[in-house]
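Let's take a friendly walk through this structure together, one part at a time. Have the sequence and the 3D view at hand as you read.

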Amino acid sequence: MTLYAWALGLCLAAALVALLPTRAPAVLRPTGAPAAGGAVAERVRAATPTVGAITVVGGAVTAAAGALAAVAGVRAMLGHGWSAWLPDLLPLGGVRLALDPLGGLFTAVTGGVTVCAAIHGIGSGPARATRVVVPLFVAALLLVPAADGVGAFLFGWELMAMTSLLLVLAEHRERPSVRKAALWYAVMTHLGLVTILCGLCYLAAGAVGDGFDQLRVAELSPAARNVIFLTTLAGFAAKAGIVPLHVWLPRAYPAAPGHVSPLMSGAMVNMGVYGVVRVGLDLLRGGPVWWWWIVLALGALSALYGVLHAAMATDLKRLLGYSSTENMGLVLIGVGAAGFFAADGAGPLAALALTAALLHVVNHAAFKTLLFQAAGSVQRATGTRDLDALGGLRTRMPYTTALFAIGALCASALPPGNGFVSEWLLLQSLIHALPASGVAGAVTMPLAVGAIALTAGLAVATFVKAFGVGFLARPRGPGAERAAESPRTAIYGMALAAAACLFLALNPTLVLPALTEAVTEVIPAGRPVTGEVTLRLTTITGSISPILIALALAGAMVAVPALVGAVATRRVRRAARLWDCGAGPVSARMEYTATSFAEPLQRVFVDALQPESAIDVTAVKESAYLVRRVRFRARVPDRVERRLYEPVLAAAVRLGTGARRLADGSVHRYLSYGFYALTGVLIVLAVIS
Amino acid sequence: MTDPLYVQTLDLACGAFLLTGVLVLWRRDLAAIIWLFALQGVALGALIAVRGLHEADVELTVLGLGVGLLRAVLLPYLMRRALAAGEEGREARPHVSVAASLLVTAVLTMIAYAVSQPLVRLAPTPATQAVPIALTVLLVGFFVLVTRRRALSQVVGFLLMDNAITAAAFLTTTGVPLVVELGVSLDVLLAVLALQVLTTRMRAAFGGTDLDELRELHD
């Protein structure tokens, strides 16, 4: 508890440090004689810290807060939980805080992401507003999983929504598109908050108090429980970026500053999953099977839809944003399956599915933190996020390239990446469901397995594209040509996240025991996974040894070239020009771009994606056969947005313009609206009474 | 003060309060409207003072005198100054004719009586039985705002509503705290001063104070 309190305190301290007055950096100081005003002014100037010093101190304090929070979370997972009630902090009910293993898991993840993001942020020279708000955002992220009452939970949630909105808006002066993104984000996150508020208040109304302990024993009718689950699910799904509520996600991530996107993607979207698990499995103690069907279906839909759009995206951060939707979809498949099995009475399988889901949360946080940091570095170095205009960063930004490669390997769920382990666990739990769960399970689970398999395949293509097109080959744009390696702190931040990825990839057995505590809290069914080097499933036959796989792969990578070198005939090497079909020297314009790489996939999924393309041919005036210019434009629009949101928005705009006729500028008319309304209400009152 | 005398003076004050309110709708001469408003101020002050005398509450009595001074002397004085500064002396043709307005007032009175029955039933004292009158004047004031065109009539309509709210407050309770009443009165004074400035500006800019001329600045 002390650790956690210290973490919150350090967050506030970091925010205060960022508020201190600053002076211009020493480089800008005139080198000549000191200006008139003399020694006193000079002393005051010397006492005021520079922007750089403030950034370093603020970042270091935030990182320390993150580290403390991570330790506090891990301690809570290992059974050193605590609870506190601060009755005077908020009116009506006070603040209830508690850190149990489940909350501890999410606190630890948030803490870890914070450390990386804060270190990364030191070098990027963030604006003052960002420096102040980031620690507050971290504090809100720590508050949500530690809340033990509806009041504290909603307070933390709203604080998280507000601070993240400010961070999304931070660069609105530099890029006008940020404003629109922030508007989308504000609307979606606050609609989500409203539904969560309604659901939790309805739940609290049926209990004797707002503490989670009291909510767990509340006696509610099944209809009320259904309403509560569905409303809160809508809000949490919006936060986790689940289709069809994902529209804010690919907009907000590109809009946020470089070191904020990792926090949002690695820590904030997890809170949606936390909410579903906490409310659905813990507070409402599971529910009918159809709840979890909905969760599972939403998860499968998001995974497929997210990865398809990620595979099509050409904006690096947009790609990562859609990939977040995909990964949260996978997590929800696991959560849905866990709820489904628990409702069916298959406790051990449920525990396995939930373990897989939570492990994937941890893994996703690790590799997405790494990837978003790298994307931020790339954007800072090249000034663009467009993969079509990047390329050739391997020689210019070698560290960032290597670290991005690790992240891409992990995100594509291939061994020896960490995403592979959790997806393997998830597949195991789904495959072994067949005998246990009747007809419904026999139909649902194979479909879910298929969805995960397709998702994994497309994820490989997506990250091959992101890495190969974005970092390898020759630069295709002026920004990429001028790129230089990112500042040292940014590399440290990325390296830390990459180390976490590798640790999780090679030693999941060290993490899983702590994770099991969080699982047994909601599904008490013993340990689903054991083993030290080899991961063994306890209830079903299955085992995997990530470290041995990694060793075997490394061995193969050494052995195969050696073998080829030994067997192949040794010809004399000759340097010659690359054969270019006689079309002149190969230029960067002939490389694979992100669009062309995704084109075959786009053709395969043309019905699902419905891409738009237009070819404008401008002919010479004299003859239609002589073409002056051909312009090709292609776009993959978000279908959900087009079908679901645009009609609603258009209707709202129509309503607004229609309502304008009510306001013609006459004061008397405005007054008479009030008068008629008042008398109308009075007449109705008189008639009723 | 004996009970019958209290009831009679209270009813007299309330009657005067209602009558002056309704007559504002009848007259189109702005000077007369200001006179009627001043009379209503007197009635309101008397109403509060009578209640104060009956309850033997010195503070309430003094408050009644203060309210009477503000609404019967100070506010009419300010309005007369605005009128003397060049306002046309007569109300332009209102949106609803005078005869129709008086009929509407009858309907509004009936609504007010019907609506306030539950309130009266809560504690049927002579004072609460007069609550419908306050509600009627409130609706009449709102009606003046809706139908009259001159800026000064708008001010009077607004002040009628405020008078009615004050009357309702003193009829249903044994007096609001002095601080609250002081605050409300100051607010009213400020609003009238602001409107006076606005009227002068409007006249300087447009040569008249007919609100229907001001339609350009809408969204």
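In chain B, 72% of the contacts between residues at least 6 apart in sequence join residues at least 24 apart; two residues are in contact if their C-beta atoms, placed from the backbone, lie within 7 Å. Before going further, please keep in mind that this is a predicted model, in which local features need pLDDT of at least 70, side-chain atom pairs count only at pLDDT 80 or more, and totals for chains, interfaces and linings use all residues. Residues are numbered from 1 along each chain as its sequence is written, while chains are lettered from A and ligands numbered from 1 in the order in which they are written.

Let's stay with chain B for a moment. Its secondary structure consists of nine helices and zero strands, where helices (H or I, at least four residues) and strands (E, at least two) are DSSP runs, numbered from the N terminus. The C-alpha trace of chain B spans about 55 × 35 × 35 Å along its principal axes. A compact globule of 219 residues would have a radius of gyration near 17 Å, and the 18 Å of chain B agrees with that; the radius is taken over C-alpha atoms, and the globule rule is 2.2 Å times the number of residues to the power 0.38. Buried residues account for 42% of the 219 residues in chain B. Here a residue is buried if 20 or more other C-beta atoms lie within 10 Å of its own, exposed if 12 or fewer, and partly exposed in between, with C-beta atoms placed from the backbone.

Helix α1 of chain B, residues 3–26, is a good place to look more closely. Its 24 residues reach 35 Å from the first C-alpha to the last, close to the 34 Å expected at 1.5 Å a residue; the expected span is 1.5 Å times one less than the number of residues. Among the buried residues of α1(B) are B:Leu10, B:Phe17, B:Gly21 and B:Leu25. What do the buried residues of α1(B) pack against? Their partners are α2 (30–55), α4 (98–115), α6 (126–129), α7 (131–147) and α8 (151–172) of chain B.

Now turn to chain A, with its 26 helices and seven strands. Its radius of gyration is 28 Å, close to the 26 Å that the globule rule gives for 689 residues, so chain A is as compact as a globular protein of that length. The C-alpha atoms of chain A fill a box of roughly 100 × 75 × 75 Å, taken along the principal axes, and 49% of its 689 residues count as buried. Among contacts in chain A between residues at least 6 apart in sequence, 81% join residues at least 24 apart.

The interior comes next. The largest nonpolar core has 214 residues, and A:Ala7, A:Ala353, A:Leu370 and A:Cys501 touch the most other members; such a core is a set of buried Ala, Val, Leu, Ile, Met, Phe, Trp, Tyr and Cys residues joined through C-beta atoms within 7 Å. Helix α14 (residues 347–382) of chain A gives this core its largest share, 22 residues. A second, separate core of 60 residues includes B:Leu10, B:Leu44, B:Leu138 and B:Ala164. Leaving aside neighbours within four places in sequence, the contacts of A:Ala353 include A:Gly334, A:Phe341 and A:Leu426.

Is helix α13 of chain A largely enclosed or open? Of its 29 residues, 27 are buried, so α13(A) is largely enclosed by the rest of the structure. This helix covers residues 316–344, and its end C-alpha atoms are 42 Å apart, in agreement with the expected 42 Å. Just after α13(A), A:Gly345 takes a positive phi of about 95 degrees.

Finally, let's visit the strands. An open sheet of three strands in chain A has the order β3-β4-β5, with antiparallel pairing. Strands β3 (529–530) and β5 (543–544) of chain A stand at the edges, each with a single partner strand, so one side of each is left without a neighbour in the sheet. Two bridges join β3(A) to β4 (residues 535–537) of chain A, and two is also the minimum that DSSP must find for strands to pair. A:Val529 has A:Leu537 as its bridge partner in β4(A). Elsewhere, β6 (residues 612–619) and β7 of chain A pair in the antiparallel sense over eight bridges, and A:Asp616 has A:Arg631 as its partner in β7(A). Of the nine residues of β7(A), residues 627–635, the number buried is zero, so this strand lies largely in the open.
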